[in-house]
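Visitor: Please take me through one part of this model in close detail. I would like the annotated site and its immediate surroundings.

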Amino acid sequence: MRQSPIPGTHGRVRPLTLHGDPALHTPCAEVTDFGPELARLVEDLFATMYAAQGVGLAANQIGVPLRVFVYDCPDDEDVRHVGHVINPRPTATDGVVIRGPEGCLSLPGLEAGTERYDHAVVEGFTVTGEPVTVHGTGFFARCLQHECDHLEGRIYADQLSGWRHRRLMRQVAKASWRRMG
């Protein structure tokens with residue numbers, strides 16, 4: 001039986017910031033106010049992530065330049081991890097570097113083989129200001145690194161080089177969502 005409400009049920013689905021928007025390449029500001037607006041932002045992030053069928057979402061992906069992300073992501077043992085981190089700080093990325101498929105809600109429908117460590121630890125705070133430490137392995141470690149990168153103004157395409165980067169950029173140029181708006 002669940003002890004807490006399902007995240008995002010009181011949130012509003014917001015439009016996603018897509019590749020090409022400068023917000024995705026601008027480092028986010030630290031959160032200083034842990035009040036009701038932050039709680040609403042976290043709910044909106046969950047609602048938007050679920051609506052877009054993602055496993056993680058950073059605040060700048062909905063146009064809010066604050067250091068906040070949410071996740072609902074399995075690890076390689078299929079254990080589900082659900083939560084959020086305010087002002088996250090990666091404290092460990094180690095283990096084996098694995099190149100695996102990585103996508104992003106800001107580059108919908110695209111993915112590329114991206115190198116990430118298979119272990120990550122992120123420290124930060126909950127929406128109420130309590131300290132939190134999140135440990136991730138496998139796919140969940142990839143998610144944590146991906147979301148922390150967003151808050152630093154980086155996207156997974158920035159991790160790529162050579163033909164992988166060129167191929168992804170060709171796909172971005174042809175993507176239907178690039179021609180909208």
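Guide: What follows goes residue by residue through the annotated positions and then turns to the sheet beside them. Keep in mind that this is a predicted model.

Start with the record. An unreviewed UniProt entry lists Cys104, His146 and His150 under "binding site". These residues are spread over 47 residues of sequence, yet they cluster in space, with a largest C-alpha distance of 10.1 Å. Two of the set, Cys104 and His146, belong to the lining of the largest pocket.

Take Cys104. It sits in the loop between β3 (80-103) and β4 (111-125). Its relative accessible area is 9%. The cut-off for buried is under 20%, so Cys104 counts as buried. Beyond its neighbours within four places in sequence, Cys104 contacts Gln61, Leu110, His146, His150 and Tyr156. Both annotated histidines, His146 and His150, are thus among its contacts.

Next, His146. This residue lies in helix α2, which spans residues 138-151. His146 is buried because its relative accessible area is 7%, against a cut-off of under 20%. Leaving out residues up to four places away in sequence, His146 touches Glu102, Gly103, Cys104, Arg116 and Tyr156. Tyr156 also appears among the contacts of Cys104.

Now Glu147. The unreviewed UniProt entry annotates it as "active site". Glu147 is in helix α2. Its relative accessibility is 3%, so Glu147 is buried too. Not counting residues up to four places away in sequence, it touches Gly56, Leu57, Ala58, Gln61 and Phe69. One approach can be given atom by atom: the Glu147 side chain reaches the backbone nitrogen of Ala58 at 3.2 Å. Gln61, in contact with Glu147, is also in contact with Cys104.

Those contacts lead to the sheet. It is open and has five strands, in the order β1-β2-β3-β4-β5, with antiparallel pairing. Its edge strands are β1 (56-58) and β5 (131-137), each pairing on one side only. From one strand to the next, the twist averages 30°. Helix α2 packs on this sheet and touches β1, β2, β3, β4 and β5. The direction of α2 makes about 80° with that of β4.

Finally, the β1 edge. Strand β1 runs antiparallel to β2 (residues 68-74), and three bridges join them. Gly56 has Tyr71 as its bridge partner in β2. Gly56 is also one of the residues that Glu147 touches.

Terms used: Residues are numbered from 1 along each chain as its sequence is written. This is a predicted model: local features need pLDDT of at least 70, side-chain atom pairs count only at pLDDT 80 or more; totals for chains, interfaces and linings use all residues. Side-chain values use heavy atoms; hydrogens and water are left out. UniProt positions are given in the numbering used here, feature names are shortened, and annotations may be inferred rather than shown by experiment. On a 1 Å grid over the protein atoms alone, a cavity is a set of points where a 1.4 Å probe fits but cannot get out, and a pocket is an open set with protein on both sides within 12 Å along at least five of seven lines; lining residues have an atom within 4 Å of a point. Helices (H or I, at least four residues) and strands (E, at least two) are DSSP runs, numbered from the N terminus. Buried means under 20% relative accessible area, exposed over 50%, partly exposed in between (1.4 Å probe, protein chains only). Contact means heavy atoms within 4.5 Å. A polar contact is a pair of N or O atoms within 3.5 Å; within protein, one must be able to donate a hydrogen and the other to accept it, and residues adjacent in sequence count only if both atoms are side-chain atoms. Two strands pair if DSSP finds at least two bridges between them. Axes are lines fitted to C-alpha atoms, for helices over the stretch in contact, and angles run from 0 to 180 degrees between N-to-C directions.
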